[in-house]
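Here are my notes on the model you sent over. I've kept them to a handful of points, so have the structure open while you read.

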Amino acid sequence: MKKLFTSESVTPGHPDKLCDKIADTILDEYLKQDSTSRVAVEVCAHKNGVVVMGEVTSKANIDIKKIVKDTIIDVGYDNDNLGFNGNNVKISVNINTQSSDIAMGVNTSSDSKLLGAGDQGMMFGYATDESEDYMPYPISIANKLAKQLSEVRKSGAIPYLKSDGKVQVTVEYVNDEPFRIDTILISTQHSENVDIEILQKDIFKKVILPIVKEDMIDVETKFYINPTGRFVLGGAVADTGLTGRKIMVDTYGGLAHHGGGAFSGKDGTKVDRSASYMLRHIAKNVVANGLARKCEIQLSYAIGVREPVSIYINCFNTNRVPEWLIIKLIKSKFDLTPQGIIDYLKLKEPIFSKTTNYGHFGRDGFTWEEFVQI
């Protein structure tokens, strides 16, 4: 049985990802000064303006406007010719303290071990053995291509590239296994007056070939590189950016379920983020330990309640032991309370700005990607 599946990734200069980066950098700065900070920050970027809004309760004192400017410059928007310049961007900040009603639900006791969930909702984690990073193959390749696209820009290997870019990968599956890549689409921002044929050749040679294995490409694979022929105007000048609009890029490329909650700008008490990280960790280790070839797990929480309301698992008939036994192992091995997750994954540390680009999962260096024996 054949089928096609497509996933997308974007570069750090994409306006939505720029906003995610700003939000998570703000979160990190709060955590550096006060590890108990409660942060829920949203960012919007348009033309040459940025709005930062949200709720923060913290002892920290940070310069939000400087963080915004420095992040924009670091991403690559550092001169007026780009239409968006971190050196003179207009910034509006509207930050309030966390709602007392929400805080009451989270702070169920003076004992941090009794920390309640910061909101209701359901979260998912997923893993599969179809790629080395235990991610669905389409999003794994899309994220790697997006990262390579950024690397050749920053290194000067393709000097005329700018920060904004998108990657889309369509994979043909045969009997639920990745068989070949059907289509690769890359749209990348560039300088004025760049020859489109030179750009296409450079992208193919320096971005696609170093990442995609030869045996996954054949004579029928289609390559679309800047198919409109021009991508000079990009970033927040061309399209409004907003935190939380790339949740499929952040997770599993659409191949697994998503609870709907975005990650960036939220501290670990927000189970949208922390429980999703924990579920990725568990699902990955279910697969890595050979209990199943594919695994999707769902948890649900009620605001102010410590323990999950429900736990669900689906191994898509690839499990080598009964699913009920896997759930039993999970419950015995992992503390799924908000505080238990925060402590286990070390989510009070300022590591969140590193998660923003190329997916939150499938990359080394994060506690939720570590192998453990189940």
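1. A definition before the cavities come up: on a 1 Å grid over the protein atoms alone, a cavity is a set of points where a 1.4 Å probe fits but cannot get out, and its lining residues have an atom within 4 Å of a point. Keep in mind, too, that this is a predicted model.

2. Now the second largest cavity. H4 and strand S6 (161–174) each supply at least two residues of its lining, and S6 gives the most, with four residues. The full lining is Thr11, Leu149, Ser150, Arg153, Leu161, Lys162, Ser163, Asp164 and Thr188. By type, that makes two nonpolar, four polar and three charged residues. The volume of this second largest cavity is about 40 Å³.

3. How many cavities of 30 Å³ or more does a search of the whole structure find? Two. The largest cavity holds about 70 Å³ of space. Its lining has 13 residues, and Phe124, His258, Gly259, Phe263 and Ser276 are the ones nearest its centre. Strand S5 (121–128) and helix H7 (271–288) are the elements that give two or more residues to this lining, with S5 contributing the largest share, three residues. The lining of the largest cavity splits into five nonpolar, seven polar and one charged residue.

4. Staying with H7, have a look at Val286, which lies in that helix. Is Val286 buried or exposed? Its relative accessible area is 1%, and buried means under 20%, so Val286 counts as buried. Val286 and Ala127 make a nice pair to click on: they are 159 residues apart in sequence, yet their C-alpha atoms are 8.2 Å apart in space.

5. On to the largest pocket, which contains about 330 Å³ of space. It is lined by 13 residues, and the closest to its centre are Ser131, Glu132, Tyr137, Ile141 and Lys213. Which helix gives the most to this lining? That's H4 (residues 137–155), with four residues. Six of the residues lining the largest pocket are charged, five are nonpolar and two are polar. H4 also turns up in the lining of the second largest cavity, as noted in point 2.

6. Next, a bit of the fold. Strand S3 (residues 49–57) pairs with strand S4 (residues 90–96) in the parallel sense, over seven bridges. If you want a spot to check by eye, find Met53, which stands opposite Asn94 in S4. Together with helix H2 (residues 64–75), S3 and S4 make a right-handed β-α-β unit.

7. Last, helix H8 (residues 323–333). Its buried residues are Ile326, Ile327 and Ile330. Why do they end up on the same side of H8? Because they cover an arc of only 100° around the axis. Turn the helix over and, on the face away from the buried side, you'll find the exposed residues Trp324, Lys328, Lys331 and Ser332. For these labels, buried means under 20% relative accessible area and exposed means over 50%. Colouring H8 by residue type should bring out the three isoleucines, Ile326, Ile327 and Ile330, on the buried side.

Key. Residues numbered from 1 in each chain as written. Predicted model: local features only at pLDDT ≥ 70, side-chain atom pairs only at ≥ 80, totals over all residues. Heavy atoms only, no water. Pairing = 2+ DSSP bridges. Right-handed = clockwise from strand over helix to strand, strands pointing away. 1 Å grid on protein atoms, 1.4 Å probe; cavity = no way out; pocket = protein on both sides within 12 Å on 5 of 7 lines; lining within 4 Å. Points joined across faces, edges and corners; volume = space filled by probe spheres on them. Nonpolar A, V, L, I, M, F, W, Y, C, P; charged D, E, K, R; others polar. Buried < 20%, exposed > 50% of the residue type's maximum accessible area, 1.4 Å probe, protein only. Arc of directions from axis to C-beta.
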